[in-house]
Amino acid sequence: MSPVRNIAEILPTHTAALFDAAVKRAAELLRTGEVVALPTETVYGLAANALDAAAVARIFAVKGRPAHNPIIIHVCDLAMARRFAGKWPETAEKLARSFWPGPLTLVLPRTKEIPDIVTAGGSTVGVRWPSHPFMQAVIRECGFPLAAPSANPSNFLSPTNAQHVQSTLGDRIKLIVDGGQSQVGIESTVVDVTTTPPALLRPGMIHVESLAAALGETGLRSANSTSGETLKSPGQLKKHYSPNARLRILSWKDDTDLRRQLIALGAEVSRTQVVVYSAIPALPGLGGVSVIPHDAEAYARALYAELHRCDNEGAEWIVVESLPEGPEWQAIGDRLRRAAS
Ligand code: TXA
Ligand code: MG
């Protein structure tokens, strides 16, 4: 690979004046059809004017994203969400009232105003009202919704801070707004509300039990992406969200058992990074060990930064301690299994 030429400007937002200046600069670029990287509470997004097909085409080019993978749009209030949804079912109302603004994307029927490129030619559009104050302020300033996938090269790990974006896309965009560490840390829960009952297309930190509680009697269906015909949610393709290193989820009794499993994998101990939440292995010569919190929300917030760090340290293998049970761990398990495939 050729060396990365970092040219993106990174604008900080940690004072009111810096925040306002960054909102103005981002909105100015977005109005002229540029793509900019913006913070959200889930992961950083690569944003463009969702109503401008040429601007959205730039997102696909920058990410190397296949044209059949639709992009979600971000709004700053319920009125904007309803305006771009062809229909607003009762289930959308319930979920929006319970979880917006926040890490939930609703797949809805689309209106004609949304260009085909956003929906990959499909009849639905994914809509999210994010809770991150910067994202909200930019959308308000622009007055149009922002199409934004995660700000990473296609198939790679999502970024959870501005440096992650800079190191992978910094030579392809003009502006990255630094809004701090993403507080949720993994991508939004995606729910298709065009069917009854609604279907979970991608698990996220708003988990099935919370969704089911908000939906009441209607309930929730777990969609299966293995059916061939249409790609309901291409993000569900098995290979996705991967670090460069090979990743395995393992559980082990003691250090001897861990060593045995590493040998069985063919993993060189010195090129292996281990990510644990319970006990720190004391294997001599390990490439590195990092401890990640034993609490699902804190774990999710830290996970991608850990995997990015393992890659940066030149890991050949990343071994992640197998996760606890429970609905709050479901989305984290989903991302780790994809990273491992
Ligand atoms: O948290 C998030 O959702 C982040 C931040 C930036 O908002 N965005 C994000 O976008 O993760 P992306 O493109 O990396 O993932 C969106 C997922 C993809 O799996 C995509 O296939 C699916 O949502 N999707 C988008 N529009 C859809 C639609 N109309 N129908 C079904 N799936 C859709
Ligand atoms: Mg993504």
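This passage describes a four-stranded sheet, the helices that pack around it, and selected residues elsewhere in a predicted model.

The mean pLDDT of the protein is 93, and 93% of the residues score at least 70. Over residues 225–231, however, the pLDDT falls below 50, and this stretch has 3 contacts in the model beyond near neighbours in sequence. Where pLDDT is low, the predicted coordinates should not be read in detail.

An open sheet is formed by 4 strands in the order S12-S15-S13-S14, with parallel pairing. Strands S12 (246–250) and S14 (288–291) stand at its edges; each has a single partner strand, so one side of each is left without a neighbour in the sheet. On average, neighbouring strands are turned by 20° against each other, direction ignored. Strands of a sheet pair through backbone hydrogen bonds, either parallel or antiparallel. Strand S13 (residues 272–276) runs parallel to S14 and is joined to S14 by 4 bridges. Within this pairing, Val275 has Ser290 of S14 as its bridge partner.

Two helices lie across strands of the sheet. Helix H9 (residues 255–265) crosses S12, S13 and strand S15 (317–321), and runs at about 140° to S12. Helix H11 (residues 330–340) lies across S12 and S15, at about 130° to S12.

Of the 11 residues of H11, 8 are buried, so this helix is largely enclosed by the rest of the structure. The buried positions are Ala331, Ile332, Gly333, Asp334, Arg335, Leu336, Arg338 and Ala339. These residues pack against strand S10 (199–202), S12, helix H10 (296–312) and S15. Arg335, in helix H11, has a relative accessibility of 1% and therefore counts as buried, the cut-off being under 20%. Leaving aside residues up to four places away in sequence, Arg335 touches Ile186, Glu187, Ser188, Arg202, Pro203, Gly204, Tyr241 and Tyr304. Among these contacts, Tyr304 is also one of the buried residues of H10.

Helix H10 comprises 17 residues and reaches 24 Å from its first C-alpha to its last, close to the 24 Å expected at 1.5 Å a residue. H10 nevertheless bends by about 35° at Ala302. Its buried residues are Ala296, Ala298, Tyr299, Ala300, Leu303, Tyr304, Glu306, Leu307, His308, Cys310 and Asp311. An α-helix has 3.6 residues a turn, so residues three or four places apart point the same way. The buried residues of H10 pack against helix H7 (162–169), against H11, and against S12, S13, S14 and S15. Just after H10, Gly314 takes a positive phi of about 75°.

Outside this sheet, helix H4 (residues 90–99) has Thr91, Ala92, Glu93, Leu95, Ala96 and Phe99 buried. The elements covering these residues include helix H3 (78–84), strand S5 (104–109), strand S9 (189–192) and helix H8 (208–215).

A second buried arginine, Arg128, is found in strand S6 (residues 124–128). Its relative accessibility is 1%, so Arg128 also falls under the 20% cut-off for burial. Arg128 and Asn312 are separated by 184 residues in sequence and by 32 Å in space, C-alpha to C-alpha.

Notes. Residues are numbered from 1 along each chain as its sequence is written. Chains are lettered from A and ligands numbered from 1 in the order in which they are written. This is a predicted model: local features need pLDDT of at least 70, side-chain atom pairs count only at pLDDT 80 or more; totals for chains, interfaces and linings use all residues. Side-chain values use heavy atoms; hydrogens and water are left out. Two strands pair if DSSP finds at least two bridges between them. Axes are lines fitted to C-alpha atoms, for helices over the stretch in contact, and angles run from 0 to 180 degrees between N-to-C directions. Contact means heavy atoms within 4.5 Å. Buried means under 20% relative accessible area, exposed over 50%, partly exposed in between (1.4 Å probe, protein chains only). pLDDT is the predictor's confidence in each residue, from 0 to 100. The expected span of a helix is 1.5 Å times one less than its number of residues. The bend at a residue is the angle between axes fitted to the seven residues ending there and the seven starting there.
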